[in-house]
Amino acid sequence: MLTTLMDGLLCCLTGKSANVVVPIETSEPADGYEFVEVKPGRVLRVRHIIPEREVVDEPRGPGGRVHRKRKITVYRNGQLLIEDLGDAARQELLHAQNGDAQPNCTVEVELADPSSNPTPTADPKADKTGSVVGTGGAATSPAPTLGSAPDLTQQPRKRRRKPKRTVVIDSERTITSCKGTHADVAVFFVHGVGGSLDIWGSQLDFFSRLGYEVIAPDLAGHGASSAPQIAAAYTFYALAEDMRAIFKRYARKRNILIGHSYGVSFCTFLAHEYPDQVHKVVMINGGGPTALEPSLCSIFNLPTCVLHCLSPCLAWSFLKAGFARQGAKEKQLLKDNNAFNVSSFVLRAMMSGQYWPEGDEVYHAEIPVPILLVHGMYDKFVPIEEDQRMAEILLLAFLKIINEGSHMVMMECPESVNTLLHEFFLWEPDSPPKSKPRPENATKRPETAKIPTASNGGATPESKAKTK
């Protein structure tokens, strides 16, 4: 502690960073680790494991087709109206908390603060996320009592809202099971601020043993990747281009993206940019579908030398907020997995560089791939309401809650997380049964398509993990 304070004081006096911003020394064997130069002088450490698969004659299944159509209207007063125009299969694909299905409906989401921008024209069924869910049609107001004169003082004149823009999404995809025996499947893991690829240790070992090809990079300034000494190297756009280069280098025909915290934003970016190559996405404690913008009133806006002096307090705060329990096991997990072990300069630049105005609600709603949302119940960084709102906005999403986990749930509950992820990899929607040919003189009857349900494994990947 005293050494840290002295280094911070020396930094303030000399004007130089007390941290040497270079890759950390590593003692891991070279097997499975690669160093990729994404730009001249910008090198990322990547753990790439290609397991030795047994020769199998198992063909890839046909999968199931999912047709989704929705209309998104953005109003000038900050409202987002989502109308589902899909077929009957939509009833089992729009999920609320923990995968409960809802029928076709119109979702009206308040983008602005509801308290400062009330909407008297709606007849809401509001949930904790602040979204307003209608009953399948236009919002209505209660009719006056028969024979009574309307109270004009309490009924302000309603203005017809003019939409700012309208987006129609018509997506039809074939979703197949991704097994480790399939050579065309690659699984990418992206960590968040302060982490490293080592936080995925349990997941990398688990899925590589099952035969999956896994790829996990260190973000710039993290782990053993190079750490430039300019703040512009840590903006969202700079890091997203790094992830694009890694994705294009290792991508297969079907790719699964798994992100944690800030890493979810990069998975969202890749899924939006490469919808034909990204097959499925997993978002672990990623937060709501809002555009990124750095906070003006944040401790990370302090000078680097001051942050270095406060680094013990920041590490203790991260342990307390990132884990459900703060015992010796959790402290050892942080040490062994090299988490929250970055310089103050990199930490400050990462937090101030989180600017991505394009990543708003409409951007997330346009992602056509199936997405699994995993949330730790005791997460103090990301409230559960944010992931609930994300589940409403996304085109095809499942939300699973792990009761024993917090923000670092993949380190706290590796077995539960691995089970959820694996079942999601194997999930595919049930295809409607093919109709048998009928005689020409037979009376034709309307056919009813088989709607996938949680009981038959079509809509929600059931989990052996202890979830809410």
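How exposed is Arg252, in terms of relative accessible area? Let us start there and then work through some exercises on this predicted model.

**Exercise 1. Describe Arg252 and its salt-bridge partner.**

Some ground rules come along with the opening question. Residues are numbered from 1 along each chain as its sequence is written. In this predicted model, local features need pLDDT of at least 70 and side-chain atom pairs count only at pLDDT 80 or more, while totals for chains, interfaces and linings use all residues; side-chain values use heavy atoms, with hydrogens and water left out.

Step 1. Arg252 has a relative accessible area of 35%, which makes it partly exposed (buried is under 20%, exposed is over 50%, and partly exposed is in between, with a 1.4 Å probe and protein chains only).

Step 2. The partner of Arg252 is Glu213, and their closest N and O atoms are 2.9 Å apart. That qualifies as a salt bridge (a side-chain nitrogen of Lys or Arg within 4 Å of a carboxyl oxygen of Asp or Glu).

Step 3. Arg252 sits in the loop between H3 and strand E11 (254-260), and Glu213 in strand E10 (residues 213-217), so the bridge ties together parts that are 39 residues apart in sequence. Helices (H or I, at least four residues) and strands (E, at least two) are DSSP runs, numbered from the N terminus.

Step 4. Glu213, with a relative accessible area of 1%, is buried.

**Exercise 2. Place two further salt bridges, then find a network.**

Step 1. The count by this rule is 12 salt bridges. One of them joins Arg65 to Glu172, with the closest N and O atoms 3.3 Å apart. Because Arg65 belongs to strand E3 and Glu172 to strand E8, the pair ties together parts that are 107 residues apart in sequence.

Step 2. Now take Glu241 and Arg244, whose closest N and O atoms are 3.1 Å apart. Both lie in helix H3, three residues apart, about one turn of the helix. Glu241 is partly exposed, at 33% relative accessibility.

Step 3. For the network, look at Arg45, Asp198 and Asp218, which are linked by salt bridges.

**Exercise 3. Characterise the two cavities.**

Step 1. Two cavities of 30 Å³ or more are found. On a 1 Å grid over the protein atoms alone, a cavity is a set of points where a 1.4 Å probe fits but cannot get out; a pocket is an open set with protein on both sides within 12 Å along at least five of seven lines, and lining residues have an atom within 4 Å of a point. Points are joined across faces, edges and corners, and a volume is the space filled by probe spheres set on the points.

Step 2. The largest cavity holds about 60 Å³. Its lining includes Phe188, Met243 and Leu257, and strand E9 (185-190) and helix H3 (236-250) each give at least two residues. The lining has nine nonpolar residues, no polar and no charged (Ala, Val, Leu, Ile, Met, Phe, Trp, Tyr, Cys and Pro are nonpolar; Asp, Glu, Lys and Arg charged; the others, Gly among them, polar).

Step 3. The second largest cavity holds about 40 Å³. Among its lining residues are Arg68, Ser171 and Arg173. The largest share, three residues, comes from E8, and the lining divides into five nonpolar, one polar and two charged.

**Exercise 4. Describe the largest pocket.**

Step 1. The volume of the largest pocket is about 990 Å³.

Step 2. Of its 43 lining residues, Ser261, Tyr262, Met351, Gln354 and Phe381 lie nearest the centre.

Step 3. The lining of the largest pocket divides into 21 nonpolar, 20 polar and two charged residues.
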